[in-house]
Amino acid sequence: MTTRHRTTAATAVVGLVIAGVHFIGATSALADDVKPSVPPGTEPSASAPVPVNPTSPRLKLPQGGTLAPPKVLDLVEVVEDIGGEQRRQETNQNVMMALQSEVLFPEDSAVFNAQAAARIQAIANEINQAKATRIRVFGFTDDQGSYEHGKELSKKRADAVQAELAKTVTNPGVVFDVRGYSEDYPIADNSTEEGRKKNRRVEITFPRGAGG
């Protein structure tokens, strides 16, 4: 059972500095030590609007009226299961799957539980179908405990998910961007356990397939 939420959002373009590279099998994984202002991949993906002639009489603007600057909005569709354990977010170009840490790991651990591999393999199969060659795996925690511990734990969890994805993702030349963000960029209120549970997550983002 799912609930569907549709919304639009305009997002800012951010810089990305890659500071380190390591290789795992036939895939490569990227990581950096320079924290961007927001996680990469949040830039607008919508195409530029259709050009409009601001002087066209067909616009029927009032005397002295002018057009406001065009604004590009991304259409975002969010599908979340009833317990919030898994959330799927799609924009014009990307798919983002967010898995709550509790469905993958024991508390304060980066070692998978028994159900984790099957969940991640299902996402890997979709990545194969989309023929994606760039995959982002970002880990996040809540604001409990120290920031540095959260950063280490979120990165270890992202690394574990990336390693499991790499077992199934077969696209040649695929590149993984793997990061841990600790308590940064929460998606819910950390003052409640329900909110903290949503913030403890791993996000997997990849481009939509040509038929998506």
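**View 1. Phe-140 stands opposite Arg-201 in strand S9.** This is a close-up from a predicted model, and it shows how strand S7 meets its antiparallel neighbour. S7 covers residues 134–140, while S9 covers residues 201–207. The two strands pair in the antiparallel sense, and five bridges join them. Thr-205 is also found in S9. With a relative accessible area of 12%, Thr-205 is buried, because buried means under 20%. Look across from Thr-205 to Arg-134: 71 residues separate them in sequence, yet their C-alpha atoms are 8.5 Å apart in space.

**View 2. Strand S7 pairs with strand S8 in the parallel sense.** Here we turn to the other partner, S8, which spans residues 175–180. Six bridges connect S7 and S8. A handy pair to find is Arg-136 and Asp-177, since Arg-136 stands opposite Asp-177 in S8. Helix H2, residues 147–168, joins the picture too: S7, H2 and S8 make a right-handed β-α-β unit. How many of the seven residues of S7 are buried? Six of them are, so the strand is mostly covered.

**View 3. The largest nonpolar core has 26 residues.** If you would like some landmarks to click on, try the residues with the most contacts inside this core: Leu-104, Ile-127, Ile-135, Val-161, Leu-165 and Phe-206. Several elements contribute, with at least two core residues coming from each of S6 (94–100), H1 (116–130), S7, H2, S8 and S9. Which element gives the largest share? That is H1, with six residues. As general background, nonpolar side chains in soluble globular proteins tend to be buried together.

**View 4. Val-52, Leu-59, Leu-61 and Leu-67 make a nonpolar patch on the surface.** The patch comes to about 300 Å². Leu-59, one of its four members, has its place in the loop between strand S3 (27–31) and strand S4 (74–81). Is Leu-59 buried, exposed or partly exposed? Its relative accessible area is 32%, and Leu-59 is therefore partly exposed, as this value falls between the 20% and 50% limits.

**View 5. Lys-131 and Ser-182 both have a positive phi without being glycine.** For Lys-131, phi is near 55°; for Ser-182, phi is about 55°. Lys-131 lies in the loop between H1 and S7, whereas Ser-182 lies in the loop between S8 and helix H3 (193–199). Now check their surroundings: which of these loop residues is exposed, and which is buried? Lys-131 is exposed because its relative accessible area of 65% is over the 50% cut-off. Ser-182 counts as buried because its relative accessibility is 0%, under the 20% cut-off.

**View 6. Three helices and nine strands make up the secondary structure of the protein.** Zooming back out helps to place the close-ups. Starting at the N terminus, the elements run β-β-β-β-β-β-α-β-α-β-α-β. The protein has 212 residues, and buried residues make up 40% of them. On this wider view you can find S7 again, with its parallel partner S8 and its antiparallel partner S9.

Note on methods
Residues numbered from 1 in each chain as written. Predicted model: local features only at pLDDT ≥ 70, side-chain atom pairs only at ≥ 80, totals over all residues. Heavy atoms only, no water. Buried < 20%, exposed > 50% of the residue type's maximum accessible area, 1.4 Å probe, protein only. Pairing = 2+ DSSP bridges. Right-handed = clockwise from strand over helix to strand, strands pointing away. Patch = residues over 30% accessible without salt bridge, like charges linked within 9 Å, V, L, I, M, F, W, Y side chains within 5 Å. Areas by Shrake-Rupley, 256 points an atom, 1.4 Å probe, with all protein chains shown as cover. Salt bridge = Lys/Arg side-chain N within 4 Å of Asp/Glu carboxyl O. Core = buried A, V, L, I, M, F, W, Y, C linked by side-chain atoms within 4.5 Å.
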